[in-house]
Amino acid sequence: MNYIGSKHKLSSFLKKAIKDTVGSDLSQLVFCDLFAGTGIVGRNFKPLVKQIIANDVEFYSYVLNRNYIGNHTSLKTQNHLAFLNNLEGKEGFIFHHYCENGNEERLYFSSENGKKIDGIRQQIEAWKRTKEISEDAYYFLLASLIESADKVANTASVYGAYLKKIKKSAQKTLTLLPATFTLTKNTHQVFNEDGNALIHKIKGDILYLDPPYNARQYGSNYHILNTIAKYDTFIPKGKTGLRDYYRSNYCKKNEVQISFEELIKNANFNYVFLSYNNEGLMTENEVKTIMSKYGKYSLKTTNYQRFKADKTENRNHKATATVEYLHILEK
Ligand SMILES: C[S@@+](CC[C@H](N)C(=O)[O-])C[C@H]1O[C@@H](n2cnc3c(N)ncnc32)[C@H](O)[C@@H]1O
């Protein structure tokens, strides 16, 4: 998924930096990804460590992590996937509020794909209700739907706005592709909480922190993914059909340092790694000052080409060079 702040392209930098600090054998260690987003960091470490703890405050992210991290034994879902891919579309909440030819003409999805999303979403819920599928399969199918719907969304990148015309990739018929996860012997834990609250209840060896670094709230930028994941009923607001959303302190200039210090102070982990960049609400020095109070501090950096989506144009991305920091604390 094309996600704000995704660490997909920084995977090898992170893996090397963490191994260089902690040691190359991670097999007996507990690794926590507290701001997990797409789950890509936890997914990379899942086969290497004893246990992953994954958490994110957004529900769509919980669904992705509940599948990619929480699921660890094989599931028999081929028939269910095939059934869902052949299902007739239905005119439900997504079609009515977020689609071409819906009530509001919000062009987040083509008419066909909106109905497909409603049909598939309702069927997954019905199977859960009748216990036709296990909880693991439920999250696997939901994660598959979120990923597949995102591929045909008619947006420049995030869901803060939709495009005026249905673009080519959004005209393609949605195909439900399996959200494949890695099998492991060990179990993992997945949470859907404010990281500052969860930190009191967990402990481990490596704490990886990748909080939002600017004022863009994830809850508003990915509201449609939450709506597909929750499939609840509410009155969508305004032109973009926004729902009520969680406002993170990490996106607020005058709150972020207080929350960050509280998190570091309460962390029951031997190593803390913080990903942040040079365009963040906290400066490199502010982070250093806070982390240094709680143990041995060091810093690794890498240059990174970030692609900025232009809201009005279709995939007109501009590359900007940023410096990606990895702040390290041995507590
Ligand atoms: C930079 S993104 C993480 C990206 C992730 N590492 C990836 O590669 O996909 C930051 C994440 O923090 C989450 N978040 C924001 N405030 C939070 C909080 N207080 N507690 C937990 N998660 C939070 C957002 O929902 C978002 O998914």
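**Close-ups of a ligand, its pocket and a cavity**

**View 1. The second largest pocket holds about 400 Å³ of space.** This is a predicted model, so take the close-ups as views of a prediction. Lining the second largest pocket are 34 residues, and the ones closest to its centre are F35, D56, D210, P211 and P212. Which elements give two or more residues to this lining? They are α2, covering 40-45, and α9, covering 195-198. Sorted by class, the lining of the second largest pocket comes out as 16 nonpolar, 11 polar and 7 charged residues.

**View 2. The ligand sits in the second largest pocket.** Here we look at what is around the ligand. There are 23 residues surrounding it, with Y3, T38, D56, D210 and S248 the closest. D56 and D210 turn up here among the closest to the ligand, and they also belong to the residues closest to the centre of the second largest pocket. As for the mix, the shell around the ligand has 10 nonpolar residues, along with 7 polar and 6 charged ones.

**View 3. Polar atoms of Y3, V57 and G195 face up to the ligand's own oxygen and nitrogen atoms.** Start with Y3: one of its polar side-chain atoms is 2.7 Å from a ligand oxygen atom. For V57, the backbone does the job, with a polar atom 3.3 Å from a nitrogen atom of the ligand. G195 also uses its backbone, where a polar atom lies 2.8 Å from a nitrogen atom of the ligand. How much of the ligand's accessible area does the protein cover? On its own the ligand has 610 Å² of accessible area, and the protein covers 99% of that.

**View 4. A search of the whole structure turns up 1 cavity of 30 Å³ or more.** The largest cavity has a volume of about 30 Å³. Which residues line the largest cavity? Look for I4, P212, Y213, N214, R216 and Y218. By class, that lining splits into 4 nonpolar residues, 1 polar and 1 charged. P212 is a familiar name, as it is also one of the residues closest to the centre of the second largest pocket.

How values were computed:
Residues numbered from 1 in each chain as written. Predicted model: local features only at pLDDT ≥ 70, side-chain atom pairs only at ≥ 80, totals over all residues. Heavy atoms only, no water. Near = heavy atom within 4 Å. Polar contact = N/O pair within 3.5 Å; in protein donor to acceptor, adjacent residues only side chain to side chain. Areas by Shrake-Rupley, 256 points an atom, 1.4 Å probe, with all protein chains shown as cover. 1 Å grid on protein atoms, 1.4 Å probe; cavity = no way out; pocket = protein on both sides within 12 Å on 5 of 7 lines; lining within 4 Å. Sits in = over half its atoms within 2 Å of the grid points. Nonpolar A, V, L, I, M, F, W, Y, C, P; charged D, E, K, R; others polar. Points joined across faces, edges and corners; volume = space filled by probe spheres on them. Helix = DSSP H or I, 4+ residues; strand = E, 2+ residues; numbered from the N terminus.
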